[in-house]
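Colleague: I should like a close look at a single part of this model, with its surroundings described in some detail. Please begin with one residue and work outward from there.

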Amino acid sequence: MADSTTTVSAFPEKTNSVLSINDFNSRANLTEKVNRNNEYLPSDYRDQVHGQSTSGAFMHLLKGSLGFGLLAMPMAFANGGLLFSMIATLVIGVLCTHCVHILVKTSQDICKEYQIPALTFAETAERVFEKGPKSLQSWSLFVRRFVDGGLMTTYFAAACVYMVFIATSFHDVINYDLGLDWDVRIYIAMTVIPCLMIGQIRNLKLLVPFSTLANGFIVITFGIVLYYMFSEPLEFSDKPLIAETTKIPLFFATVIFAMEGIGSVMPIENAMKKPQQFLGCPGVLNTAMLVVVALYATIGFLGYARYGSEVRGSITLNLKEGTILADIAKLLIAVASICAYGLVFYIPIDTLWKNISHKFNEKNHNITQIILRTCIILISGAIAAAIPNLEPFISLVGAVFLSLLGFFVPSVCETVHLWPDRLGWCKWKLYKNLLLSLFAICALVAGAAASINEIIESYKS
């Protein structure tokens with residue numbers, strides 16, 4: 001796969017050059033450099049002028065985790081029950097943090113061994129298998145493509161979820177206030193129009209104003225949601241501590257969707273001036289995830305206590321219809337989601353283009369990109385219109401894609417990297433990673449089955 005500045009077909013020999021990381025796709029612009037003291041530190045070869053500060057990395061990681069997923073947490077609690085959901089949310093938060101930690105630690109170790117400033121998720125997985133046991137080395141290219149494909153599928157699916165959510169928000173406000181009876185699919189069709197425009201933006205810098213606007217709208221929306229939560233006494237006695245067994249898989253799938261941000265972790269770490277400060281105690285990762293898990297558990301618990309089994313895919317959709325504050329919250333979060341759609345769509349489409357651009361004549365790259373982006377957005381809109389029920393859609397994305405990328409792949413990569421004699425006392429890391437892999441597979445199978453069943457039932461009705 002080629003990028004705009006260089007083509008890499010194999011692992012290069014050690015040379016002196018400059019690091020440049022400008023995108024979220026699997027092929028970063030990476031070069032190698034030898035440390036004079038024979039102790040290679042990736043931080044010495046990062047861009048110290050344009051690189052990201054530690055505080056900036058913290059804000060990016062926090063911003064990437066606090067979005068639409070937070071609003072879906074009350075629905076997750078409805079599928080798990082008050083007590084079970086609170087405990088399980090904290091446990092999943094710890095597991096997510098641990099899996100991100102082992103992925104970044106493995107990537108940093110590989111960077112030191114190969115003397116490379118930074119590696120992305122897919123590149124880390126590829127090089128782990130490239131230097132792993134002989135029986136696994138032939139799988140390196142497949143693993144790279146699997147991670148790239150998984151990330152693209154995840155973000156394209158998330159783009160469909162965004163469309164459904166945007167359309168549902170406009171549907172509830174406009175239909176109620178104007179007395180209309182339009183189907184939500186009409187609003188999905190209208191949502192496609194602004195998505196087509198913002199989806200043509202190919203430069204991340206041009207998306208910054210949209211992200212800033214989205215963040216401001218999200219903060220206001222959260223304030224309104226909290227106001228409605230505490231406007232009346234919360235009722236806990238009628239809420240089950242543990243939900244029905246059949247709903248538990250949906251809880252796990254939804255929480256994984258909401259909390260897992262594995263696709264954005266490596267780009268953030270790669271852009272840091274001091275990547276050693278990403279891990280450790282307190283570190284960027286631990287501090288950000290502590291805030292994220294606390295907020296997710298709080299919003300989920302309070303939101304379910306307020307609305308009970310009637311809670312919807314986003315808690316903003318439960319706000320009282322026809323009131324000014326509720327309408328403002330729904331419209332603001334819808335507009336914020338449109339603004340955020342550009343970044344959600346940018347990550348997979350840029351990765352896809354890096355993989356296929358060499359197949360097209362360079363003179364036709366511009367028109368090809370326009371057609372490609374337009375077709376994918378139209379297909380996303382068609383999928384969203386076919387499955388306009390937001391709740392199982394969220395669960396399906398979390399169950400199938402994020403369980404694999406967030407838990408399974410990092411645990412496998414660490415095992416292969418440390419094999420055979422660095423797995424700790426009595427190979428405890430091997431057994432720990434086997435349990436993580438088993439959890440990922442169980443979450444995938446059970447969550448996907450439950451989500452697909454919910455979608456089928458919704459479609460029939």
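Modeller: I begin with Ser-85, which belongs to helix 4, the run of residues 82-114. The model is a predicted one. With a relative accessible area of 0%, Ser-85 falls under the 20% cut-off and is therefore buried. Its side chain comes to 3.4 Å from the backbone oxygen of Phe-77. Setting aside residues up to four places away in sequence, Ser-85 touches Ala-76, Phe-77, Gly-80 and Phe-251. Of these partners, Ala-76, Phe-77 and Gly-80 are among the buried residues of helix 3, and Phe-251 is one of the residues through which helix 10 makes contact with helix 3. The natural next step from Ser-85 is thus helix 3 itself.

Helix 3 comprises residues 73-80. Because 8 of its 8 residues are buried, helix 3 is largely enclosed by the rest of the structure. The buried residues are Met-73, Pro-74, Met-75, Ala-76, Phe-77, Ala-78, Asn-79 and Gly-80. After helix 3 comes Gly-81, which has a positive phi, near 95°.

Which elements enclose helix 3? Two packing partners can be described, helix 10 and helix 12.

The packing of helix 3 against helix 10 (residues 248-259) has an angle of about 155°, and the two axes lie 7 Å apart. Since angles over 145 degrees count as roughly antiparallel, helix 3 is roughly antiparallel to helix 10. The crossing of this pair is left-handed. On the side of helix 3, the contact involves Met-73, Met-75, Ala-76, Phe-77, Asn-79 and Gly-80; on the side of helix 10, it involves Ile-248, Leu-250, Phe-251, Thr-254, Val-255 and Ala-258. Phe-251 therefore has a place in this contact and also touches Ser-85 of helix 4, with the 0% accessible area of Ser-85 being why that serine counts as buried.

Against helix 12 (residues 283-307), helix 3 packs at an angle of about 65°, again with a distance of 7 Å between the axes. That angle makes helix 3 roughly perpendicular to helix 12. Here the crossing is right-handed. Met-73, Pro-74, Phe-77 and Ala-78 of helix 3 meet Tyr-296, Ala-297, Ile-299, Gly-300, Phe-301, Gly-303 and Tyr-304 of helix 12. Met-73 and Phe-77 are listed in this contact and also in the contact with helix 10.

Within helix 12, Gly-300 merits a separate remark. Gly-300 counts as buried because its relative accessibility is 0%. Leaving out neighbours within four places in sequence, Gly-300 is in contact with Met-73, Pro-74 and Phe-77. The C-alpha atoms of Gly-300 and Leu-71 are 8.0 Å apart, although 229 residues separate the two along the chain. Phe-77 thereby recurs in the picture: Gly-300 is in contact with Phe-77, and the side chain of Ser-85 reaches the backbone oxygen of Phe-77.

The loop that leads from helix 11 (262-270) to helix 12 holds Lys-273. Lys-273 is partly exposed, because its relative accessible area is 25%, whereas Gly-300 is buried. The C-alpha atoms of Lys-273 and Thr-54 are separated by 7.6 Å, with these positions 219 residues apart along the chain.

These long-range pairs may be set against the whole chain. Residues 24 or more positions apart account for 80% of its contacts with a separation of 6 or more. The chain contains 16 helices and 0 strands, and 54% of its 461 residues count as buried.

As for the nonpolar interior, the largest core has 117 residues, of which Phe-121, Met-259, Phe-278 and Tyr-341 touch the most other members. Phe-121 touches Leu-103, Val-147, Leu-151, Ile-262, Met-266, Leu-405 and Val-409, not counting residues up to four places away in sequence. A second, separate core consists of 5 residues, including Ala-253, Leu-396, Ala-399 and Ile-455.

A further helix pair offers a point of reference for the packing of helix 3. Helix 7 (residues 140-178) and helix 8 (residues 184-198) pack at an angle of about 120°, with axes 8 Å apart. Helix 7 is therefore oblique to helix 8, and their crossing is right-handed. Among the residues that meet in this pair are Met-163, Phe-170 and Ile-174 of helix 7 and Tyr-187, Ile-188 and Val-192 of helix 8.

Notes. Residues numbered from 1 in each chain as written. Predicted model: local features only at pLDDT ≥ 70, side-chain atom pairs only at ≥ 80, totals over all residues. Heavy atoms only, no water. Helix = DSSP H or I, 4+ residues; strand = E, 2+ residues; numbered from the N terminus. Buried < 20%, exposed > 50% of the residue type's maximum accessible area, 1.4 Å probe, protein only. Polar contact = N/O pair within 3.5 Å; in protein donor to acceptor, adjacent residues only side chain to side chain. Contact = heavy atoms within 4.5 Å. Core = buried A, V, L, I, M, F, W, Y, C linked by side-chain atoms within 4.5 Å. Axes fitted to C-alpha atoms, helices over the stretch in contact; angles between N-to-C directions. Parallel < 35°, antiparallel > 145°, perpendicular 65-115°, else oblique. Left-handed = near helix turned anticlockwise from the far one by under 90°.
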